[in-house]
Amino acid sequence: MKYRIRVCLLVLTLCLVCLTGCHRTMNSVIQNEPRFAGKVQSATEDYVVVEVLEDEPLHEEYATIEASLDVELKDSYCSPVLGDEIVVYYDGTITDGRAETVYAITLQSPS
C-alpha cells in the first residue's frame, strides 16, 4: 500500500512540474515569439493601432496593425499613448490587419 501511495505522489509531482513549465515569462516571450515594432496611432480600452515601422518585415504587407490590449502577460505595457514606440509580441497570426492573440507589449521609446 505504501508503494502505491509513493508512486501516486511521484506521478502527481511530475505532472505539476510539467504544468509549471508551460507558463510563459516575459523573457521567454521576448526571445521566442514573433514581434513587430511601431508607433501608436491611437488606443482604446481594447486595442491599440500601431503604425508598423518601415524597417519591419511586416511593413510591406501592413502599414498599420490593430493589436489587442488583452495581453497574456499582465506586466506588459498596456497604457500606450499617441506617439509611443512599442513592440508587440504575438502568436504570428494577423487576420484582417488585427493581431488578436498578443502575449506581451513593451515600450521601446515613449512619445
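Below, a biologist asks a modeller for the grounds behind the terms used for this predicted model.

Biologist: What are the elements of the protein, and in which order do they run?

Modeller: There are two helices and six strands. Starting at the N terminus, the order is α-α-β-β-β-β-β-β.

Biologist: How do you know which strands are the edges of the sheet?

Modeller: The six strands form an open sheet in the order E5-E3-E2-E1-E4-E6, with mixed pairing. Strand E5 (98–99) and E6 each pair on one side only, and these are the edge strands.

Biologist: What makes the pairing mixed?

Modeller: E3 and E5 run parallel and are joined by two bridges. E1 and E4, by contrast, are antiparallel, with five bridges. E2 and E3 are also antiparallel, over five bridges, and E4 and E6 pair in the antiparallel sense over six.

Biologist: Why do E3 and E5 count as a pair?

Modeller: Pairing requires at least two bridges, and E3 and E5 have two. One bridge partner of Ala67 is Ala99 in E5. Ala67 is also the partner, in E3, of Val48.

Biologist: Why is Phe36 called buried?

Modeller: The cut-off for buried is under 20% relative accessible area. Phe36 has 0%, so it is buried.

Biologist: What surrounds Phe36?

Modeller: Leaving out neighbours within four places in sequence, Phe36 is in contact with residues including Val50, Val52, Leu58, Ile65, Ala67, Ile86 and Ala99. Phe36 also stands opposite Val88 in E4.

Biologist: Which residues touch the most other members of the largest nonpolar core?

Modeller: They are Phe36, Leu58, Ile65 and Val88, in a core of 18 residues. Strands E1 (35–43), E2 (47–52), E3 (64–68), E4 (85–90) and E6 (102–109) each give two or more residues to this core. Another core lies apart from it and has eight residues, among them Val29, Ala37, Tyr103 and Ala104.

Biologist: How many aromatic pairs does a search of the whole structure find?

Modeller: One. Phe36 and Tyr90 form that pair, with 5.4 Å centre to centre and 70° between the planes.

Biologist: Why is the pair of Phe36 and Tyr90 called edge-to-face?

Modeller: Ring centres must lie within 6.5 Å to pair, and planes over 60 degrees apart count as edge-to-face. With 5.4 Å between the centres and 70° between the planes, Phe36 and Tyr90 meet both conditions.

Biologist: What does the pair tie together?

Modeller: Phe36 is in strand E1 and Tyr90 in strand E4, so the pair links parts 54 residues apart in sequence. Tyr90 is buried, at 5% relative accessibility.

Biologist: What makes E4 largely enclosed by the rest of the structure?

Modeller: Six of its six residues are buried, so E4 is called largely enclosed. Glu85, Val87 and Tyr89 are buried on one side, and Ile86, Val88 and Tyr90 on the other. In a regular strand, side chains alternate between the two faces of the sheet. Val87 has Thr106 as its bridge partner in E6.

Biologist: Is Glu56 buried or exposed?

Modeller: Glu56 has a relative accessible area of 10%, under the 20% cut-off, and therefore counts as buried. Glu56 is in the loop between E2 and E3. Not counting residues up to four places away in sequence, Glu56 touches Arg35, Phe36 and Ala37.

Biologist: Why is Asp96 called exposed?

Modeller: Exposed means over 50% relative accessible area. Asp96 has 77%, so it is exposed. Asp96 lies in the loop between E4 and E5.

Biologist: What is the phi of Asp96?

Modeller: Asp96 has a positive phi of about 55°, although it is not a glycine. Most residues other than glycine have a negative phi.

Biologist: Which arginines lie over the face of a ring, and how far is each from the ring centre?

Modeller: Arg24 lies over Tyr103, at 4.0 Å from the ring centre. Arg98 lies over Tyr47, at 4.9 Å. The distance limit is 6 Å, and both values fall within it.

Biologist: What share of the protein counts as buried?

Modeller: Of its 111 residues, 32% are buried. The accessible surface is about 7500 Å², with 54% belonging to carbon and sulfur atoms.

Definitions and conventions
Residues numbered from 1 in each chain as written. Predicted model: local features only at pLDDT ≥ 70, side-chain atom pairs only at ≥ 80, totals over all residues. Heavy atoms only, no water. Core = buried A, V, L, I, M, F, W, Y, C linked by side-chain atoms within 4.5 Å. Buried < 20%, exposed > 50% of the residue type's maximum accessible area, 1.4 Å probe, protein only. Helix = DSSP H or I, 4+ residues; strand = E, 2+ residues; numbered from the N terminus. Contact = heavy atoms within 4.5 Å. Areas by Shrake-Rupley, 256 points an atom, 1.4 Å probe, with all protein chains shown as cover. Phe/Tyr/Trp six-rings, centres within 6.5 Å; stacked < 30°, edge-to-face > 60°. Lys NZ or Arg CZ within 6 Å of the ring centre and 35° of its normal.
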